[in-house]
Amino acid sequence: MEEIIIRVPEGRILVHDGTCPKGCSLMNPGKLMSGKPAITCENRMHGKTGLIHFNSFYGIYEYDSEFILKHGDVVDLACPHCGSPLRAPELCSVCRVNMFAIHLPNGGEVRACPMVGCHNHKLVLVDLDAQFATYYNDERRPKM
Ligand SMILES: [Zn+2]
Ligand SMILES: [Zn+2]
């Protein structure tokens, strides 16, 4: 299938159905960020495991980590439910480390760089009509 990659303004799309590769929901109604359920992942770093929560508005780099993160740290994310790694095959074009992927319905993905301080990210949609119609709030639908 052909991939179409688009750029959208930050904060205009709300991810509300992000999953791990096995299909577990990563959305966490118990942890709100910007008033919406955060995307919660497990983070393995320095031999420890902790939770990290991301703002679910696409492009908003707000996170809340159990670990203190510093610039240049690389997070290693996994599903908090089944432990599946969220690492994607694609390398960050800036840092050359594997990006991580939050899976969306119908084969889409949000991919982002795991290097703290790098804001490289992208939204990959494989079925535009279905995804925009079904998975994003109308009022946040980007003008194409
Ligand atoms: Zn899972
Ligand atoms: Zn990067």
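This is a short chat about the nonpolar core and two loop residues of a predicted model.

Reader: Any ground rules before we start?

Author: The model is predicted, so local features need pLDDT of at least 70 and side-chain atom pairs count only at pLDDT 80 or more, while totals for chains, interfaces and linings use all residues. Residues are numbered from 1 along each chain as its sequence is written, and chains are lettered from A and ligands numbered from 1 in the order in which they are written.

Reader: Which residues touch the most other members of the largest nonpolar core?

Author: V15, I39, L86, I102 and V110, out of 25 residues. A nonpolar core is a set of buried Ala, Val, Leu, Ile, Met, Phe, Trp, Tyr and Cys residues joined through C-beta atoms within 7 Å. Buried means 20 or more other C-beta atoms within 10 Å of a residue's own, exposed means 12 or fewer, and partly exposed is in between, with C-beta atoms placed from the backbone.

Reader: Which element gives the largest share of this core?

Author: β8, with four residues. Strands are DSSP runs (E, at least two residues), numbered from the N terminus.

Reader: What is L86 in contact with, leaving aside neighbours within four places in sequence?

Author: C20, C41, L77, A78, C79, F100, A101 and I102. Contact here means C-beta atoms, placed from the backbone, within 7 Å.

Reader: Switching to loops. Where is S34 found?

Author: In the loop between β2 (27–33) and β3. Phi of S34 is near 55°, a positive value in a residue other than glycine.

Reader: And R96, buried or exposed?

Author: R96 is exposed, because it has 9 C-beta neighbours inside 10 Å. R96 lies in the loop between β7 (87–91) and β8, and its phi is near 65°.

Technical notes
Two residues are in contact if their C-beta atoms, placed from the backbone, lie within 7 Å.
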